[in-house]
Amino acid sequence: MPQMGVSVAEGTITAWRKRPGDWVERDEVIVEISTDKVETEVPSPAAGRVAELVVEEGATVDVGTLLATIDTGSKPGQPHADESDPPPPAEEAEANGNGKAPPVSPVVRRIADEHSVELSAVSGTGRRGRVTKKDLLAFLEQGAAKPAERPLHIESPYKEEPAPQPSTPAEAAPTGEGERLSVMRRQIGEHMVRSLHEAAHCTTIVEADMTAIEAARGRLSYLPLVARATIAALREHPRLNATLEGDRLTVHDEVHLGIAVSLGEEGLIVPVVRNAHELSHEGLGARIKDLAARARSKQLSPDEVGGATFTITNPGRYGALLATPIINQPQVAILDLEAVVKRPVVVTDGQGGDSIAIRPMTYFCMSWDHRALDGVGAAEFLGSVKRHVEGWSD
Amino acid sequence: MPEITYLEAISDGLREEMRHDESVFCMGEDIGEFGGAFKVTDGFFEEFGADRVWDTPLAENAIVGAAVGAAVEGLRPVCEMQFADFIACGFDQLVNVAGKMYYRQGLAVPMVVRLPSGGGFSGGPFHSQNPEAWFLQSPGLKVVAPSTAEDAKGLLASAIRDPNPVLYLEHKNLYRRVKGDVPEGRYETPMGELRVAREGTDLTVVSYGAMVHTALEATEDIDGASIEVLDLRTLCPLDRDGILESVRKTSKVVVLHEATRSCGVGAEVSSLIAEEAFEDLDGPVVRVTAPDVPIPFSPPLERAVLPQVDDVRKACHDLLAY
Amino acid sequence: MATTTARPAALDPHQHLAHEARLTVDDRRELMRYMLLMRATEERALNLYRQGKVPGSFYDGRGQEAVSVGSAFALSPRDRACILHRDLGAHLLRGVRPGLVLAQMMGRAGGLTGGRDGNMHFGDKDLGCVGMVSMLPDMALVACGLGLAFQMRKEPRVAMTWFGDGSTANGQWHEAMNVAGVRKLPVVFVLENNQYAYSTPNSREFVVDPIERAAAYGFHGVKVNGNDVEAVLRASAEACERARQGGGPTLIEAETMRMHGHGAHDDMSYVPPEMLEEWSQRDPIETYEARLRDAGRVDLDVLREEVKAELDSETDWALAQEMPDPSTATGGVFATEDPVMGDGKAPWSRWAQEASNA
């Protein structure tokens, strides 16, 4: 640490300009220091290769303290400590000769950006293995699939041979671009993501014996009957018939029942049976049927889609047993009806005797918002639905 | 269409202009009865007389200065420097009087200074220079450098008709070595427009003057690559759009000129490309030029200094492989 | 001071031509008026300079008024002039208003170069004047070119150019003299020997009186009292006649004194005070004024009043001119049309006379 002024006793290393292994010329600035009088650059007293930085940046030491050592016997041009090999001769086209990635030329970067190409997927024929404009243009022309993100360490570029497909040659490999989602898909997606993000989703599942429903439904599907049972349960547990917006919970008197309708590939829509609590199960059946038909033929009016207080979704006919549906915002719960499957169950008769019987069983899966409810409330509600279903009588 | 030499084309062009407009006249050393050091004005004295073909004293500032005076009074002088190198002796009048007159005073100076430039024949340091860069740095002067016989005639006509001082670089080594079909009668080749000497897609060589021929020869077949060669023809004003259009197409550029390296046309073109077409580059812009040395006299030394066909070939080859 | 030349110059057949420049009372009045106008304009400009309104440097020709006025008075409208920095009188005679000169010096858009060049670097091309550059005496060669054009077109027109004693050391001056002599160009070279080139006195500038060089270059040379406006006029008129008649160039050495410094920034302390004192006794305006009063034909007081009034209104005009728009700085480098030079005013009554005689 040099003496900078008569009264200065110590100095602080602000920044090293050289690191070990670097060549420094005599009088070339080697370090920046600061004292209470001045901030200054210190020229090297000798030429040579920096061997060791003894004092680190930020440290304050007394004047006279050794700051660094320089090997004055070394010669410039010798390989830096960091360099494993001398630089390769310019004529040889090498891939990664000195550990550095080959440069990306401006035009290659621009074209790659314009087409969202990951350059690591393009093989380069240029110097040091770099990707040339020609390489990139050829790559784009072939329409090779482009990975959307940098491959992970564990992912290899190995591609398995695709299984022979019945598809015609016209069904070629997907274009590199991919297909943009439809507006409906995007909207559904946004709604789902938002719902998951905002609500504290929990799913409670209750098993129910559908014997009574099966006996009563006739030619109707069981949906309207279960819907009727659900409405009855909602009257008993009004907190489930509510909407939550921010921290504001609104419990509704009326039940406006949303029924999810699949539109096939396109997506799904949830038309609403308004004032469903006023309808019998036949009335519910008729309304649901009408709404579904008009949903599929795109004849719903805007106020038939929205304002529900509770939603039922019923994909059961496809055979799935359980599901964890996503709540239809801003409601606090959604009930998913899955398949009804005949199973052997234990039945207890009036005398308390147990026996095995074959019964049509189903699972009522309800996702609910823990911000508005607790597990007990959810379970109690589902218990009521089960009771109404199992005790169904016209 | 007759095939004539580059020299004959210059002579032809000058003669046509002098016949067309009697305000056009020539001034220079030994251009009268002697017909000029390179015989460009051979026969002119007989046709146009002593007044319009003036054998001046050996005084370049006088030639250029008097040309300024005559030009502002409505004549169209065509000065000849016996060698381009001697423009240094008329530098002051050219740069300070001729070049700045219009900007300062709104007084146009329609004059041409013909400069027999370039080397390749053991002319030595004072008979081989390519001084264009000095004047590209000096606002108010236009500079042209034809490489073909056809352009030599047409560009001279344009230079004479232009109301500004125009430096006309005629490369001495092309005088008799280059021939071409040259239309008869008067025509003007537009200034400020380059010519695509050969179209290509893989690499562009930007050049002018004698080096255009070197470029064409060197790039006929380099690993089968398709190489575009541009003949700038006008150095000021530069055809920036023409250059950039080619760069966008090929993305690799070699700038070739016989003039020395530092701050020459190559430096200007490289800079232009870096500023305006950076995202079209697939490699560095490379210059092939004479190094910063006086042009030596002895043939092996001169050959080592002036860019040769092999130098161009190597530069193109290396850039193609980049 | 005389030198022997190796070979005597050819005798000028017109050397005997002593043109008696005929001057009317009005002509004399005009000679006086232009000298007064030059001095008044330069004094006013110096004031503006001291008030900080003139960027850059300021040069004037105080004490040399008779040289530019006397010589330029000999020019006809179709003649051309390459005027230098101490020859404001020539500009005024050709028809440039003082206000334009002041606006030029102040760098205003309405000045003669629109602010693109400063101080005396201007020349109104519409009045047949070509503006100077700093390198001296470049304009001598331009004047040769103008003369060349007249000669080639066989026109009886003259190119007049001014330069100082220092210029005669410069190669371009010799090239101009030589070329003019070789071609017998219709050029009048007016050498204003004001004793100093900046701080360099004649004794350090040359060994041979420059007037002798005229003969060396093969043409007529004449030395006159540069502070006698009519003497300068006579010599100039004779030189112009010689040129018009194909007799070639003339060198006129006008002896005068630079009464101010090289520029306003120069205190000229290198000039012996007694020299200044001596020359102030020979002030061109005061001496001519004395002669005119003796002859009693010119009302000098009225003249001075007129000149002052003119300067006042011209100054007001100049001060009202705007500074140039910066966005125009990079335009106008290249011309799109051929040059057109106009003719100057020429107040000498002889031209009107000749025009009516024609």
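**Group meeting: three chains, residue by residue**

Let's start at one residue. Asp42(B) has a relative accessibility of 45%, so it counts as partly exposed. The cut-offs: buried is under 20% relative accessible area, exposed is over 50%, and partly exposed is in between, using a 1.4 Å probe and protein chains only.

Some ground rules. This is a predicted model, where local features need pLDDT of at least 70 and side-chain atom pairs count only at pLDDT 80 or more, while totals for chains, interfaces and linings use all residues. Residues are numbered from 1 along each chain as its sequence is written, chains are lettered from A and ligands numbered from 1 in the order in which they are written, and side-chain values use heavy atoms, without hydrogens and water.

Back to Asp42(B). Where does Asp42(B) lie in chain B? In the loop between strand S2 (24-28) and helix H2 (44-52). Helices (H or I, at least four residues) and strands (E, at least two) are DSSP runs, numbered from the N terminus.

Asp42(B) also belongs to a negative surface patch. Its partners there are Asp30(B), Glu33(B), Glu46(B) and Asp55(B). Patch members have over 30% relative accessible area and no salt bridge; like charges are joined within 9 Å, and nonpolar side chains (Val, Leu, Ile, Met, Phe, Trp, Tyr) within 5 Å. A salt bridge puts a side-chain nitrogen of Lys or Arg within 4 Å of a carboxyl oxygen of Asp or Glu. Lys and Arg count as positive, Asp and Glu as negative; His and chain ends are left out. Each charge is placed at NZ of Lys, CZ of Arg, CG of Asp or CD of Glu.

Stay in chain B for a cis bond. The peptide bond from Cys236(B) to Pro237(B) is cis, with omega near 0°. Pro237(B) sits in the loop between strand S12 (234-236) and helix H8 (240-250).

Now chain A. It has seven helices and 18 strands. It runs to 394 residues, and 35% of them count as buried. About 23400 Å² is exposed, with 52% of that from carbon and sulfur atoms. Accessible areas come from the Shrake-Rupley method with a 1.4 Å probe; for residues, only the protein chains shown count as cover.

Contacts next, meaning heavy atoms within 4.5 Å. Take the contacts in chain A with a separation of 6 or more: 60% join residues 24 or more positions apart.

One backbone oddity here. Arg128(A) is not a glycine, yet its phi is positive, about 55°. The residue lies in the loop between helix H1 (106-114) and helix H2 (133-142). Is Arg128(A) buried or partly exposed? Partly exposed, because its relative accessible area is 23%.

On to chain C. Thirteen helices and eight strands here. Of 358 residues, 57% are buried. The accessible surface is about 14400 Å², half carbon and sulfur at 50%. For contacts with a separation of 6 or more, 78% come from residues 24 or more positions apart.

Three spots in chain C. The peptide bond from Leu136(C) to Pro137(C) is cis, with omega near 0°. Pro137(C) is in the loop between strand S2 (129-130) and helix H5 (138-152).

Met268(C) has a positive phi, near 45°, and is not a glycine. Find Met268(C) in the loop between strand S8 (250-255) and helix H10 (273-280). Its relative accessibility is 8%, so Met268(C) counts as buried.

Last, a charged residue. Glu289(C) lies in helix H11 (residues 284-295). Why does Glu289(C) count as buried? Because its relative accessibility is 10%. What does Glu289(C) touch, not counting residues up to four places away in sequence? Met32(C), Leu300(C) and Arg304(C).
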